[in-house]
Amino acid sequence: MNICNREGGRCAEMAMVCLTDFEEYAKEHLSKATWDYYAAGADECCTRDDNLLAYKRIRLRPRILRDVSVSDTRTTVQGTEISFPVGIAPTAFHCLAWHEGEVATARATEALNTCYITSTYSTCSVEEIVAAAPNGYRWFQLYVYRDRKLSEQIVHRVEGLGYKALVLTVDVPYTGKRRNDIRNQFKLPPHLKVKNFDGVFQQETAAPEEYGIPANTLDPSISWKDVYWLQSITRLPIIIKGILTKEDAELAVEHGVQGIIVSNHGGRQLDGGPASIDALSEIVDTVQGRIEIYVDGGIRTGSDVLKALALGAKCVFIGRPAVWGLAYKGEEGLREVLQILNDEFRLSMALSGCRNVAEINRNLIQCSKL
């Protein structure tokens, strides 16, 4: 962020200290339609906003005199070690924020050695992403389409490219009502495409479009039996994203998936549902360690990460803050965002008396105040 010195005529670089600094920069520098698209929540945005407020309601119970002279933020997800328990959630259209788009995202997450969930709706192809960061640890986020062959083809593509898991997003039988996108008549600019489906949808330019592909392409009839279908066409672990209740968490375990991302889609789908962090505890209590549980939505500080892990998440995923980092300086900006979260998480751990991730548990949370 450049602040100009009027007397000397020079511009000084303002330090980016926290994720909110990146948010402010992105809001100032992105076009209104692009900012509104990334910031959008469904309807009145109650759930989107509560994702943030819910973390502020949670209090920590720090332990002291624990010798925190050495700390270790490493953890594992699906058996693979990552440097700290923060990954990139699947968010669409990174090229709207930075010209290199998902290629920059892939390089940043490879450099920080953490997990990047590539969106189906990426503006770089899965092949371009892998070529840019061949040693990165990646999962692929999948929607199920009315034309099952489309989903099947992309599953085989990403499996062949070395993606390590499929993240089946289950909370979008229909797209939530995002008022500003409707007001702005949001569309991808002509020079950008949903690259993973480039050339797949041959249609008249006047045909209705929704977020870069023809409207009514997603399959609203998707059900639990489709988890079995997906298992029949791939050997990759399947992680279900979009679960908010203990009942569905139990069904996920019964259907043999390898993980759950507790998520309300950043508040972009059903407005009036719970904040993700508020739904986490009942899901963790139901699953009882049988599969790994992750959470996204509302993470803005390292202490938020600590709270999520204390409540039973194995890892958290960030969506909008990743886009803000890209808007600031592309790969370098996202690396800064991740490094700030890593540093804040390490500091919050130490100040709470935790030397490593294994020492973080429910005792760290003041449950009576939840």
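**Exercise 1.** Which residue stands opposite F317 in β14?

*Solution.* The model used here is predicted, and the pairing of its strands can be followed step by step. Begin with strand β13 (residues 292-296), which pairs with β14 in the parallel sense over 3 bridges; within this pairing, D296 is the residue that stands opposite F317. Then turn to strand β5 (residues 86-88), which is likewise paired with β14 in the parallel sense, over 3 bridges, and in which V86 stands opposite V316 of β14.

**Exercise 2.** Determine whether the two faces of strand β14 (residues 315-318) are covered or not.

*Solution.* In a regular strand, side chains alternate between the two faces of the sheet. For β14, take C315 and F317 on one side and V316 and I318 on the other. These four residues are all buried, and both faces of the strand are covered.

**Exercise 3.** Explain why helix α2 (residues 32-39) counts as largely enclosed by the rest of the structure.

*Solution.* First list the buried residues of the helix, namely T34, W35, D36, Y37, Y38 and A39. Because 6 of the 8 residues of α2 are buried, the helix is largely enclosed by the rest of the structure. The next step is to identify the packing partners of these buried residues, which are α1 (19-29), α3 (46-57), α7 (179-184) and α12 (320-351).

**Exercise 4.** Classify the packing of helix α4 (residues 102-112) against α12 from the crossing of their axes.

*Solution.* The axes of α4 and α12 come within 9 Å and cross at roughly 20°. Angles under 35 degrees count as roughly parallel, and α4 is therefore roughly parallel to α12. The crossing of the two helices is right-handed. On the α4 side the contact is made by A104, T105, R107, A108, T109, A111 and L112, which meet L326, G330, E331, L334, R335, L338 and Q339 in α12. Sorted by class, this contact of α4 with α12 holds 7 nonpolar, 4 polar and 3 charged residues.

**Exercise 5.** Classify the packing of helix α6 (residues 148-161) against helix α8 (residues 225-233) from the angle between them.

*Solution.* The two helices pack at an angle of about 45°, with their axes 10 Å apart. This angle makes α6 oblique to α8, and α6 passes α8 in a right-handed crossing. The residues of α6 that take part are R148, S151, E152, V155, H156 and E159, which meet D226, W229, L230 and I233 in α8. By class, the contact of α6 with α8 comprises 4 nonpolar, 2 polar and 4 charged residues.

How values were computed
Residues are numbered from 1 along each chain as its sequence is written. This is a predicted model: local features need pLDDT of at least 70, side-chain atom pairs count only at pLDDT 80 or more; totals for chains, interfaces and linings use all residues. Side-chain values use heavy atoms; hydrogens and water are left out. Buried means under 20% relative accessible area, exposed over 50%, partly exposed in between (1.4 Å probe, protein chains only). Contact means heavy atoms within 4.5 Å. Axes are lines fitted to C-alpha atoms, for helices over the stretch in contact, and angles run from 0 to 180 degrees between N-to-C directions. Angles under 35 degrees count as roughly parallel, over 145 as roughly antiparallel, 65 to 115 as roughly perpendicular and the rest as oblique. A crossing is left-handed if the near helix is turned anticlockwise from the far one by less than a right angle, and right-handed if clockwise. Ala, Val, Leu, Ile, Met, Phe, Trp, Tyr, Cys and Pro count as nonpolar, Asp, Glu, Lys and Arg as charged, and the others, Gly among them, as polar. Two strands pair if DSSP finds at least two bridges between them.
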